[in-house]
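Hi everyone, thanks for coming. Let me put the structure up on the screen, and then we can walk through a few spots together.

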Amino acid sequence: MSATADHAEERTNPAARLGFQPGQVVQEIGYDDDVDQELRQAIEEAVEGDLMDEEYDDVADAVVLWFRDDDGDLTDALVDATTYIEEGGAILLLTPKTGRSGYVEPSDISEAATTAGLTAAKSVSVGKDWSGSRLATPKAAKSKR
């Protein structure tokens, strides 16, 4: 029964779908009045703790980056976000959906992620106004010799 309940939660809870787990340290960047409070709460519930703000100066397991078209250069924002994250960690890039103020083109997200050395793992609708792109940082290169 627990496996079914876990799968059901993954379908209904965007934080669970995105891979957030208890005990993770998650830093939030780009917070403003327009963010999705329900998503923030779901992430905090999933990690069983508060989101760390931009002043947090230790390494995080993941970064939540709220980004709008007029927030500057997306590549720079992604590169900056990688400095806060564990090797192999993830960045959840949240951008306004199509037709919303601050919408960012998917091609711009893909190009910025590639330039920043990130890999797009998956995209998901995370609320009525926001879309999420889960971007993975490179893991340590394993020696094959």
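Let's begin with Tyr-84, which sits in the loop between α4 and β3. Do bear in mind as we go that this is a predicted model. Tyr-84 is partly exposed, with a relative accessible area of 29%. Who are its partners, once neighbours within four places in sequence are set aside? They are Gln-27, Ile-29, Tyr-56, Asp-58, Val-59, Ala-60 and Val-63. Look at Ala-60 in that list: its C-alpha atom is 6.0 Å from that of Tyr-84, although 24 residues separate the two along the chain.

Step back now into helix α4, which runs over residues 74-82, and you'll find Thr-75 there. Is Thr-75 buried or exposed? Its relative accessibility is 18%, so Thr-75 counts as buried, the cut-off being under 20%. Not counting residues up to four places away in sequence, Thr-75 touches Ala-112, Thr-115 and Ala-116.

Keep Ala-112 in mind, please, as we turn to the nonpolar cores. The largest has 19 residues, and the ones with the most contacts inside it are Phe-20, Val-26, Ile-43, Val-64 and Leu-94. Which elements give two or more residues to this core? Those are α3, β2 and β3, the last of them spanning 85-96. The largest share comes from α3, with five residues. If you zoom in on Val-26, you can see how it is surrounded in sequence-distant terms: leaving aside neighbours within four places, Val-26 is in contact with Phe-20, Ile-43, Val-47, Asp-50, Leu-51, Met-52, Ala-62 and Val-64. Apart from this core lies another one, of 18 residues, and here Ala-112 comes back, listed among its members with Phe-67, Leu-93 and Val-104.

On to the charges. Side chains of opposite charge can pair when their charged atoms come close. How many salt bridges does a search of the whole structure find? Five. One of them joins Asp-34 and Arg-68, with the closest N and O atoms 2.9 Å apart. Asp-34 lies in the loop between β1 (26-29) and α3 (37-47), while Arg-68 lies in the loop between β2 (60-66) and α4, so this pair ties together parts that are 34 residues apart in sequence. The two ends sit in unlike surroundings: Asp-34 is partly exposed, at 36% relative accessible area, whereas Arg-68 counts as buried, at 8%.

Arg-68 has a second acidic partner, Asp-71, and there too the closest N and O atoms are 2.9 Å apart. Asp-71 is partly exposed, with a relative accessible area of 38%.

Another salt bridge brings together the side chains of Lys-128 and Asp-129, at 3.7 Å from N to O. Lys-128 is exposed, with a relative accessible area of 64%, and Asp-129 is partly exposed, at 30%. Going back to the earlier pairs, which residues are joined into one network by salt bridges that share partners? Asp-34, Arg-68 and Asp-71 are.

That's my tour, and I'm happy to rotate the view for anyone who'd like another look.

Terms used: Residues are numbered from 1 along each chain as its sequence is written. This is a predicted model: local features need pLDDT of at least 70, side-chain atom pairs count only at pLDDT 80 or more; totals for chains, interfaces and linings use all residues. Side-chain values use heavy atoms; hydrogens and water are left out. Helices (H or I, at least four residues) and strands (E, at least two) are DSSP runs, numbered from the N terminus. Buried means under 20% relative accessible area, exposed over 50%, partly exposed in between (1.4 Å probe, protein chains only). Contact means heavy atoms within 4.5 Å. A salt bridge is a side-chain nitrogen of Lys or Arg within 4 Å of a carboxyl oxygen of Asp or Glu. A nonpolar core is a set of buried Ala, Val, Leu, Ile, Met, Phe, Trp, Tyr and Cys residues joined through side-chain atoms within 4.5 Å.
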